[in-house]
Amino acid sequence: MASAPDFFLALNSSSSSTSTPTTNGPLRAKGIVVFSGGSAANNLVDVFNTVREDKTCPLSYVIPISDNGGSSSELIRVFGGPGIGDVRSRLVRLIPDDPDNDESEKAAIKAFFNHRLPKEHVSAKQEWLQIVEAQHPIWTNISTAKKELIRSMLNHVAFEIIKRLRPSSTFDFSGASIGNLFLTGARLFTGSFESAIYLLSSICSVPSHTSVLPAINTNFSHHISVGLADGTTISGQNSISHPSQSTALDALFPPTRDEVEEHDLIEDANLPGSLPTLRKQYIAFSKAAEEELPARIERLWYINPYGQEIRLAANPAVLGALSSAQAVIYSIGSLYTSIVPSLVLKGIGAALSQPSIRVKILILNSTLDRETGPSSAPYTALDFVAAIAKAALNSQNAFPPEAPRDRYRDFVTHVIHLAGPGTPAVDAGALRALGIEAIRVYGRRDADDGVVRYDERALVQALEVTLGKRDPRVVSRRNTVDAGRG
């Protein structure tokens, strides 16, 4: 893969925390690879960092790039390119905290890249102009050197937006993420998604021992489809995960026109004749009151703009991280849109099944969602494991109706889970019969919604037990880990 431009490499040259480890350095230990999506797993970043520190090893996050919802959908519609929202959110979440100084530059940069413009499109555009002209208070406490570097990328994407202005298509800034706009500007400027990630990592002071790796290293948009047990096919991540609300662009043409023809009249980054569901704005969507899918999801695959299945290779950097990993963790998040899109890529299944990876841990979600229903047939822990195994086999050009049970342990060796109302059912005996250990941990009930959530200390302890730091026979004084009993 192409290396970053030399002037970007100079950004961290004075920081010992970002220097490349020597062969005799402290990071010779095999690494930990975490498969995750965005927002849900962001809540566990401190947990993973604690475990990484205890193991003194590298940590890699593998993030899918198939998200076509939210402000990313407008960037994809106008510019094409990968869904970058989850990559951006993880990089910003990894900015080291400065608890003694709430007005530090790190805190200001975190707030800057997490900032979203107003939802009303006129107000959003006005605020955008204030930001690119450095007239907005959000720039406070960011040094001149970093401010002008950031602003140059924002001005670049602003220029590209103006170039693409057409009577049928204008960029909608409603709810836009400033971090997403920056990352897009950097990608367009360098011509490299990898270099854009490197630049944002450098500005955010992400330590060199932690990497954020897109599942596919690409400058193109890649979308996913799923097939349901009743024969239904759903295309596009947003359509799979969330119902969406109509936008101003949807009202440009009468609803009586053929949908493909309507979208062909809009000049943007989409190819004529491509699937309408991949071309719509999904700036506004609801994560609440999700409608159930009519049947279970059976398989996920990547598609070209016309809906035909395609086979894509994993980012070589991801395969490299797996080749030197001691452990793999499948984090909490949407099973089919946060985890599986990374697992079905060529090379992933073979890399996961190698015996050098000692443990492969599934952290089970605390609740079920639209992707792991319907309520008439809710997913159990065994169903989550089966879906992971099937996706990994699909990456090796194997498409069995169900993954053979004797292959489950090739991809999952441990399941960490909660217990309580609403949590997925766990049959520890059935898992144990397959060679998979179930570890029940302590959780806290959220006072607002009543959902049981992982306790960070308990989860750290469970991961340390599984990775071999602690003796699982030692009883915790808080009884936070219950190994082997579901």
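Two strands count as paired if DSSP finds at least two bridges between them. With that in mind, let's walk through this predicted model, beginning at strand 10.

Strand 10 covers residues 414–417, and it has a partner strand in strand 11, residues 437–441. The two run parallel and are joined by four bridges. Look for Val415 to see one pairing up close: Ala438 in strand 11 stands opposite Val415. Strand 10 also pairs with strand 9, residues 359–363, again in the parallel sense, this time over three bridges. There, Ile361 has His414 of strand 10 as its bridge partner.

Now turn to the side chains of strand 10. His414 and Ile416 point one way, while Val415 and His417 point the other way, and all of them are buried. If you follow the chain onward, you meet helix 18, residues 428–433, which together with strands 10 and 11 makes a right-handed β-α-β unit.

Next, let's visit helix 8, which spans residues 144–163. Its 20 residues reach 28 Å from the first C-alpha to the last, close to the 28 Å expected at 1.5 Å a residue. Several residues of helix 8 are buried, among them Leu149, Met153, His156 and Glu160.

Our last stop is Asn315, in the loop between strand 7 (309–310) and helix 13 (316–323). Is Asn315 buried or exposed? Asn315 counts as buried because its relative accessibility is 3%, and the cut-off for buried is under 20%. The side chain of Asn315 reaches the backbone nitrogen of Ala317 at 3.0 Å. Leu345 lies 30 residues from Asn315 in sequence, and their C-alpha atoms are 8.8 Å apart in space.

Key
Residues are numbered from 1 along each chain as its sequence is written. This is a predicted model: local features need pLDDT of at least 70, side-chain atom pairs count only at pLDDT 80 or more; totals for chains, interfaces and linings use all residues. Side-chain values use heavy atoms; hydrogens and water are left out. Buried means under 20% relative accessible area, exposed over 50%, partly exposed in between (1.4 Å probe, protein chains only). A polar contact is a pair of N or O atoms within 3.5 Å; within protein, one must be able to donate a hydrogen and the other to accept it, and residues adjacent in sequence count only if both atoms are side-chain atoms. The expected span of a helix is 1.5 Å times one less than its number of residues. A crossover is right-handed if, with the strands pointing away from the viewer, the path from the first strand over the helix to the second runs clockwise.
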